[in-house]
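Here are some notes to read alongside the structure, set out as numbered points. Please keep the picture open and find each residue as it is named.

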Amino acid sequence: MATPLELSTRAGADGIPVVTVAGEIDMSNADRFRDALGLAAAAADGGSFVVDLTGVEYLDSAGVHALFEHAARIRLIAGPLLEPVLTVSGLSAITSVSDDSRGEPQ
């Protein structure tokens, strides 16, 4: 049984694709998450895109792996709940992480 996960993609005010995620990302739904990131990467046409994780309550290694696949091109928005995971995994050291939609790094 897949863990509940909501995904949406839209163009931000600056035209950059934004993937908004809510729920839990684990191995049962990581393929859906990976697919959404791939679509945003394609829409970004070689540029960067934003992944808004503020609605994510749980992120396991399968979700972290999907983020690493795009680490050079993503800007993450995440709250304090995911900060330890992003730090320990090393993602916060190689990509921009902010705590709000303005994209200001933490």
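1. A good place to begin is V21, which, when residues up to four places away in sequence are not counted, touches L5, E6, L7, F33, V51, D52, L53, G55 and V56. Please bear in mind, here and throughout, that this is a predicted model.

2. V21 also belongs to the largest nonpolar core, which has 30 residues, and V21 is listed there with F33, F49, V51, L53 and L67 as the residues with the most contacts inside that core. The elements that give two or more residues to this core are β2, α1, β3, α2 and β4. As background for this point, nonpolar side chains tend to be buried together in soluble globular proteins.

3. One of the residues that V21 touches is L7, whose place is in strand β1. Leaving aside the neighbours within four places in sequence, L7 is in contact with T20, V21, R32, F33 and A36. Is L7 buried, or is some of its area accessible? L7 has a relative accessible area of 27%, and therefore counts as partly exposed. The C-alpha atoms of L7 and G23 are separated by 9.0 Å, and these two residues are 16 residues apart along the chain.

4. The strands form an open sheet of 5 strands, in the order β1-β2-β3-β4-β5, and the pairing in this sheet is mixed. Because β1 (5-11) and β5 (96-98) stand at the edges and each has a single partner strand, one side of each is left without a neighbour in the sheet. From one strand to the next, the twist averages 20°.

5. How do the strands of this sheet run with respect to each other, parallel or antiparallel? Strand β2 (residues 17-25) is joined to β1 by 7 bridges, and these two strands run antiparallel, whereas β2 and β3 pair in the parallel sense, over 7 bridges. To follow the two pairings on the screen, look for A11, whose bridge partner in β2 is P17, and then for E24, which stands opposite Y58 in β3. In general, strands of a sheet pair through backbone hydrogen bonds, either parallel or antiparallel.

6. The hairpin of β1 and β2 has 5 residues between the strands, and in this hairpin G15 takes a positive phi near 85°. A13 is found in the loop between β1 and β2, and A13 counts as exposed because its relative accessibility is 94%. The C-alpha atoms of A13 and F68 are separated by 25 Å, while the two residues are 55 residues apart along the chain.

7. Helix α2 deserves a careful look, and one may start at its N-terminal end, which is capped by D60: a side-chain oxygen of D60 lies 2.9 Å from the backbone nitrogen of A62. Which residues of α2 are buried? They are A62, G63, V64, A66 and L67, and the buried residues of this helix pack against β2, α1, β3, β4, α3 (83-89) and α4 (91-94). L67 has already been named, as one of the residues with the most contacts inside the largest nonpolar core.

8. The last point concerns charged side chains, and a search of the whole structure finds 2 salt bridges. In one of them, R34 pairs with D31, the closest N and O atoms being 3.1 Å apart; both residues lie in helix α1 (residues 30-44), 3 residues apart, which is about one turn of the helix. R34 counts as partly exposed, at 23% relative accessibility, while D31 is exposed, with a relative accessible area of 52%.

9. R34 also forms a salt bridge with E69, and here the closest N and O atoms are 3.0 Å apart. Why can this pair be said to tie together separate parts of the chain? E69 lies in the loop between α2 (61-68) and β4 (74-77) while R34 lies in helix α1, so the pair links parts that are 35 residues apart in sequence. E69 counts as partly exposed, at 41% relative accessibility. Through the partners that these salt bridges share, D31, R34 and E69 are joined into one network.

Note on methods: Residues are numbered from 1 along each chain as its sequence is written. This is a predicted model: local features need pLDDT of at least 70, side-chain atom pairs count only at pLDDT 80 or more; totals for chains, interfaces and linings use all residues. Side-chain values use heavy atoms; hydrogens and water are left out. A salt bridge is a side-chain nitrogen of Lys or Arg within 4 Å of a carboxyl oxygen of Asp or Glu. Helices (H or I, at least four residues) and strands (E, at least two) are DSSP runs, numbered from the N terminus. Buried means under 20% relative accessible area, exposed over 50%, partly exposed in between (1.4 Å probe, protein chains only). Two strands pair if DSSP finds at least two bridges between them. Axes are lines fitted to C-alpha atoms, for helices over the stretch in contact, and angles run from 0 to 180 degrees between N-to-C directions. Contact means heavy atoms within 4.5 Å. A polar contact is a pair of N or O atoms within 3.5 Å; within protein, one must be able to donate a hydrogen and the other to accept it, and residues adjacent in sequence count only if both atoms are side-chain atoms. A nonpolar core is a set of buried Ala, Val, Leu, Ile, Met, Phe, Trp, Tyr and Cys residues joined through side-chain atoms within 4.5 Å.
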